[in-house]
Amino acid sequence: QEFLLSYIMNHNKQKFSFFKLFDQIKTSKANGINTLFYRIELHNYLTNPLLFLAIFMLAMRLGNIKPREGDALKMILIGIAINFVIYFILAITQNLIHLKLGNIFTFIYLPKLILTLLFSRQLLLHLQ
């Protein structure tokens, strides 16, 4: 029993594909193992298109400059900084789930949805 529990705690949980996560969650739940990490990974897989859309709109907003104005380096640095901030916000919100300060839907879906709506608004305002 100790060997099985140490194997479960120490193996690479991110090696499961999207389709294997459903079986892993079902098996872990049947064996009485905490499935929180697997459910977080499943919902991350489901919300990756939202994050991709938000980053795409950010790139469209920052990439819409005239090359002769010389703001290209400034825009690249701003884009990199914003992406680091987004990464740290998402990492912190995922760790808040492990601390039982909220549920998966609040801390996985809501930040990515807010980012998508915020960047789409900024893009629309910039294009007008």
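Contact here means heavy atoms within 4.5 Å. The views below show a predicted model.

**View A. Surroundings of Lys112 in helix H5.** Lys112 is found in helix H5, which spans residues 104-127. Apart from its neighbours within four places in sequence, Lys112 is in contact with Asn44, Thr47, Asn48, Leu50, Leu51 and Leu90. Lys112 is buried but has no salt bridge. The nearest side chain of opposite charge is that of Glu41, at 9.0 Å.

**View B. The largest nonpolar core.** This core comprises 10 residues: Ala54, Met57, Leu58, Leu62, Met75, Ile86, Leu90, Leu115, Phe119 and Leu123. Helices H3 (36-63), H4 and H5 are the elements that each contribute two or more residues to it. H3 provides the largest share, four residues.

**View C. Leu90 and its contacts, with a second core.** Leu90, a member of the largest nonpolar core, is in contact with Leu51, Pro111 and Lys112 when its neighbours within four places in sequence are left aside. A second core, separate from the largest one, has six residues, among them Leu36, Ile40, Ile97 and Ile108.

**View D. A nonpolar patch on the surface.** Leu73, Ile76, Leu77, Ile80, Phe84, Tyr87, Phe88 and Ile92 form this patch, and together they have about 880 Å² of accessible area. One of these residues, Leu73, lies in helix H4 (residues 72-98). Leu73 has a relative accessible area of 58% and is therefore exposed, the cut-off for this class being over 50%.

Note on methods. Residues numbered from 1 in each chain as written. Predicted model: local features only at pLDDT ≥ 70, side-chain atom pairs only at ≥ 80, totals over all residues. Heavy atoms only, no water. Patch = residues over 30% accessible without salt bridge, like charges linked within 9 Å, V, L, I, M, F, W, Y side chains within 5 Å. Areas by Shrake-Rupley, 256 points an atom, 1.4 Å probe, with all protein chains shown as cover. Salt bridge = Lys/Arg side-chain N within 4 Å of Asp/Glu carboxyl O. Buried < 20%, exposed > 50% of the residue type's maximum accessible area, 1.4 Å probe, protein only. Lys, Arg positive; Asp, Glu negative; His and termini not counted. Core = buried A, V, L, I, M, F, W, Y, C linked by side-chain atoms within 4.5 Å.
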